[in-house]
Amino acid sequence: MILKRRITEAEVIAEFLRNEFYQKEYDKDREEFENLVLDPDLADEAQNAIRRALLYRRRGHMWRELPKDTVWHEVEIDAEDLKRIRVFPRAHWRKISNGSFLLSEIVKRIRDSSVAKTDPAFSKIQLLRYRLQRDSVNSAVLLIGVDEEQPLTILEGNHRLAAAMLVSPRLVHTGFRVLCGLSPHMYESCWYDTNIPNLWNYLKNRLNNLVDKEADVQRVLGNGSEAAPASAFASEMAKAHKVEAK
């Protein structure tokens, strides 16, 4: 794996949110924040704070489990790297995996097993496969790991990477921006190492954040009675976007 350049957490969050913004949790936000999500200004700290809050609405429980010292890079991966990339063991991947969560083994099982074809995840992967064969790829996937040599786990992009592997392993190398978060403490994250202590920490964090203040966009926009309405902010963003377009 080649570390091409170091990137900020804000850039990673922007890419993560862009991939998530079609989800139903954002149905009421698209009119106000679509420009901010699809055309991010990473130098604008106010925008970065809003994108972070929006991501936390759906993925705060995930992002909190990453070590505080995680350093993000845009990377280039090769065929050898593919051999050590894993999906993390969520429910439907457990059904498909048959014990191995290596991406290469998952894809092999999807190709060979009629059992996998009964799982809804299989249909999603096949749909993505057909789209990747027809359309160009323009998205980022997120990996996490300890360093450049240890196994890597897919934090975001499991289905897309599996679908790309079904088309051609080369598509994984060339078709995505690959963003990788590295930390010597990544073993403490349940997304990287799924063990009882890590899962217990995850459960405690979820309980402590049942009401997630970091996912409150209005809190980011202002404090108390002086908080600016989201619609007003979005209106100003839209005006600025139109001025720049002229």
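**Figure 1. The side chains of Glu20 and Arg59 form a salt bridge, with 2.9 Å from N to O.** This close-up, like those that follow, comes from a predicted model. Glu20 belongs to helix H1 and Arg59 to helix H3, so their pairing ties together parts that lie 39 residues apart in sequence. Both partners are covered: Glu20 is buried at 3% relative accessibility, and Arg59 is buried too, with a relative accessible area of 14%. As a reminder of the principle at work, side chains of opposite charge can pair when their charged atoms come close.

**Figure 2. Salt bridges with shared partners link Lys4, Arg5, Glu11, Glu15, Arg18, Glu74 and Arg177 into one network.** Have a look at two of the pairs here. Glu11 meets Arg5 through their side chains, at 2.7 Å from N to O. Glu11 is buried, with a relative accessible area of 11%, whereas Arg5 counts as partly exposed at 38% relative accessibility. In the other pair, the side chains of Arg18 and Glu15 form a salt bridge of 3.5 Å, again N to O. Arg18 and Glu15 are three residues apart in helix H1, so about one helical turn separates them. In general, an α-helix has 3.6 residues a turn, so residues three or four places apart point the same way. Arg18 is partly exposed, at a relative accessible area of 29%, while Glu15 is buried, at 10%. For context, the model has 18 salt bridges by the rule used here.

**Figure 3. Helix H1 covers residues 9–20 and is mostly covered itself.** From first C-alpha to last, its twelve residues reach 16 Å, close to the 16 Å expected at 1.5 Å a residue. Nine of the twelve are buried. The buried set mixes nonpolar side chains such as Val12, Ile13, Ala14, Phe16 and Leu17 with Glu11, Glu15, Asn19 and Glu20.

**Figure 4. The largest nonpolar core of the model has 34 residues.** Those with the most contacts inside this core are Leu54, Trp63, Trp72, Leu142, Ile144, Leu155 and Trp191. At least two core residues come from each of H1, helix H2 (30–38), H3, strand S4 (140–145) and helix H11 (217–221). H3 supplies the largest share, seven residues. The general background will be familiar: in soluble globular proteins, nonpolar side chains tend to be buried together.

**Figure 5. Trp63 has contacts that include Trp72, Leu142 and Leu155.** Residues within four places of Trp63 in sequence are left aside here. From H1, Trp63 touches Glu9, Val12, Ile13 and Phe16. The remaining contacts of Trp63 are Arg52, Leu55 and Tyr56. Elsewhere, a second, separate core of 32 residues includes Val107, Ile154, Ala162 and Leu171.

**Figure 6. Arg64 sits in the loop between helix H3 (45–63) and strand S2 (71–76).** Despite its charged side chain, Arg64 counts as buried, at 17% relative accessibility; the cut-off for that label is under 20%. Which residues does Arg64 touch, not counting those up to four places away in sequence? They are Tyr56, Asn209, Asp212 and Glu214.

Notes
Residues numbered from 1 in each chain as written. Predicted model: local features only at pLDDT ≥ 70, side-chain atom pairs only at ≥ 80, totals over all residues. Heavy atoms only, no water. Helix = DSSP H or I, 4+ residues; strand = E, 2+ residues; numbered from the N terminus. Expected span 1.5 Å × (residues − 1). Buried < 20%, exposed > 50% of the residue type's maximum accessible area, 1.4 Å probe, protein only. Contact = heavy atoms within 4.5 Å. Salt bridge = Lys/Arg side-chain N within 4 Å of Asp/Glu carboxyl O. Core = buried A, V, L, I, M, F, W, Y, C linked by side-chain atoms within 4.5 Å.
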